[in-house]
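Here's a walk through one protein model for someone meeting it fresh. Have a look at the sequence and the fold, then read on.

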Amino acid sequence: MLSLFLLFGLEGETLKYVCIAVGAVALLLIVLAIVVGVRSRKKNKALKSTQATQQPQPAEESIETVSQPVEEEPALAVEEPEAEEEPAHEAQEPEAEEEPAPAVEEHEEKEERPPIPEEKDDDRDDVNDDKEEDEQVRKVRRIDGHVRYIIIKYNKSFTAKIIQSSDEVKAYYSEIKNELLSYKGVKSRMSWKGETFYAGRVTYAKLCVRGKCLSLFLALNPKDYIDSKYIVDDMTQIATYEKTPCLYRLKNDRRIKYSKELIESVMDGRERLSEPEEVDWASEYPYEETQPLVDRGLIKELTEEDAQSGDVFLPRDCVLASEVDELMQDDVAVALVEETEEISDKTKTDIVNIDTLSKCFENGETATLEEMKKRIPAINRKATYIKVLARGTLDKQLTVIADSFSIEAVKMILLTGGNAVKKKNS
């Protein structure tokens, strides 16, 4: 630009003033460009804002047209007299709330139908109730020097089944027995399979427990009750129920009510007692565990050694206290602890660890309290009660007679082929 000015003969002060003027013009142009840009941006924003405000208008009109039929319904018109200025989507909420209501009412109407189908549904699992299989339990026994699992079957008497039944079954039993005994001359006789109700030489009914269900057998013809509200089973093909072939399972309160009607039919006009005695028979059969019932002869044990028998383990030369829980189950260890007739004396107690016994006794020896006092210096010489604890390693086959054992100590002794013998508590 300087060369251009020189071309036109501009020199000295004149050149100076020309340069200043050009710079001022350039600065003015820049300012004008900035102002124009700012104004255009404002116009764009204003245009966008107006477009944004204008866009909801068609939507509101469409919503109003959709909501017009709703306003025609008298119910909604009464509920919304002041809601005309509110958004249309809020006006539609009551409609959405009222639509599910009929469906709920229809569902409730379905539930109020007669209970006959429910009665039939209750009997769909009755096939399982007919199975009177003996209860099976797996136990551990020592046979010919080997530890084996033995399957023991329990054959339970009716008395034992009542004793071990639920409170509900016991309550049903008590109520039905009182109902049967409320007729003059009717007596009951308990047998292994059930309880029979008779008068003279006539048998009227029998109560049994089949599975977990109390069952009533009546001297009625089952065919007379086909397609009736009494859903009975025909037991005429089974000799045991020859006199009482009509089976009715007492599974709920409704059936208890129906069973009384059947009992009235089987009694065939027999007079009732004027004041029948109401006895709480359930209180006479408090719950008991299986073993006491076996001891009383109310449950019979039927063993089948060949069912699932086999060596649980083979003796090990060495065992660590840290590994015994993985090698033997607790129930096996508990079942194999032997008991001596000697009574424990807790006057002075002490403890001994398995690894100490392993060091102080030889393979095949018997560790008694007297021998422990002689060989183990750490034991109190006045000790009368010894508890054996698991620790370290056992590499001997020992018979240990003590007053108490930890379960891990028992496992260590058994896993090496020894015997844990416990004294009786005083």
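Asp-233 is partly exposed, with 27% relative accessible area (in between the cut-offs of under 20% for buried and over 50% for exposed, using a 1.4 Å probe and the protein chains only). Asp-233 forms a salt bridge with Arg-249, and their closest N and O atoms are 2.2 Å apart. A salt bridge here is a side-chain nitrogen of Lys or Arg within 4 Å of a carboxyl oxygen of Asp or Glu. Asp-233 sits in strand 7 (residues 233–234) and Arg-249 in strand 8 (residues 246–250), so this pair ties together parts 16 residues apart in sequence. Arg-249, at 3% relative accessibility, counts as buried.

A word on what you're looking at: this is a predicted model, where local features need pLDDT of at least 70 and side-chain atom pairs count only at pLDDT 80 or more, while totals for chains, interfaces and linings use all residues. Residues are numbered from 1 along each chain as its sequence is written, and side-chain values use heavy atoms, with hydrogens and water left out.

By the salt-bridge rule, the count comes to 16. Here are three of the pairs.

| Pair | Closest N to O | Relative accessible area of the acid | Relative accessible area of the base |
|---|---|---|---|
| Glu-195 and Lys-177 | 2.8 Å | Glu-195, 1% | Lys-177, 4% |
| Asp-233 and Arg-249 | 2.2 Å | Asp-233, 27% | Arg-249, 3% |
| Glu-365 and Arg-375 | 2.7 Å | Glu-365, 24% | Arg-375, 30% |

In the pair of Glu-195 and Lys-177, both residues count as buried, Glu-195 at 1% and Lys-177 at 4%. Glu-365 and Arg-375 are each partly exposed. Glu-365 lies in the loop between helix 16 (354–360) and strand 13, while Arg-375 belongs to helix 17 (residues 369–375), 10 residues apart. That pair also has company: Glu-365, Glu-371, Lys-374 and Arg-375 are linked in a network of salt bridges.

Now step back to the whole protein. There are 18 helices and 18 strands, taken as DSSP runs numbered from the N terminus (helices are H or I with at least four residues, strands are E with at least two). Of the 426 residues, 34% are buried. The accessible surface comes to about 27200 Å², with 50% of it belonging to carbon and sulfur atoms; these areas come from the Shrake-Rupley method with a 1.4 Å probe, and for residues only the protein chains shown count as cover. Among contacts (heavy atoms within 4.5 Å) between residues at least 6 apart in sequence, 63% join residues at least 24 apart.

Which residues touch the most other members of the largest nonpolar core? Leu-207, Leu-216 and Leu-218 do, in a core of 43 residues. Such a core is a set of buried Ala, Val, Leu, Ile, Met, Phe, Trp, Tyr and Cys residues joined through side-chain atoms within 4.5 Å. Helix 12 (residues 253–267) supplies the largest share of this core, six residues. Apart from it lies another core of 31 residues, among them Val-332, Val-352, Leu-415 and Ala-420.

Helix 18 (residues 407–415) is mostly covered, with seven of its nine residues buried. Those buried residues include Ala-409, Lys-411 and Leu-415. Just after helix 18, Gly-417 takes a positive phi of about 90°.

On to the strands, which pair if DSSP finds at least two bridges between them. Four of them form an open sheet in the order 11-18-16-13, with parallel pairing. Strand 11 (338–343) and strand 13 (366–367) stand at the edges with a single partner strand each, so one side of each has no neighbour in the sheet. Strand 11 pairs with strand 18 (residues 419–424) over three bridges, in the parallel sense, and Glu-338 stands opposite Val-421 in strand 18.

Elsewhere, strand 12 and strand 14 (residues 385–389) pair in the parallel sense over five bridges. Is Asn-353, in strand 12 (residues 349–353), buried or exposed? Asn-353 is buried, at 15% relative accessible area. Asn-353 stands opposite Leu-389 in strand 14. Strand 14 is also joined to strand 17 (residues 404–405) by two bridges, and the two run parallel. Lys-387 has Ser-404 as its bridge partner in strand 17.
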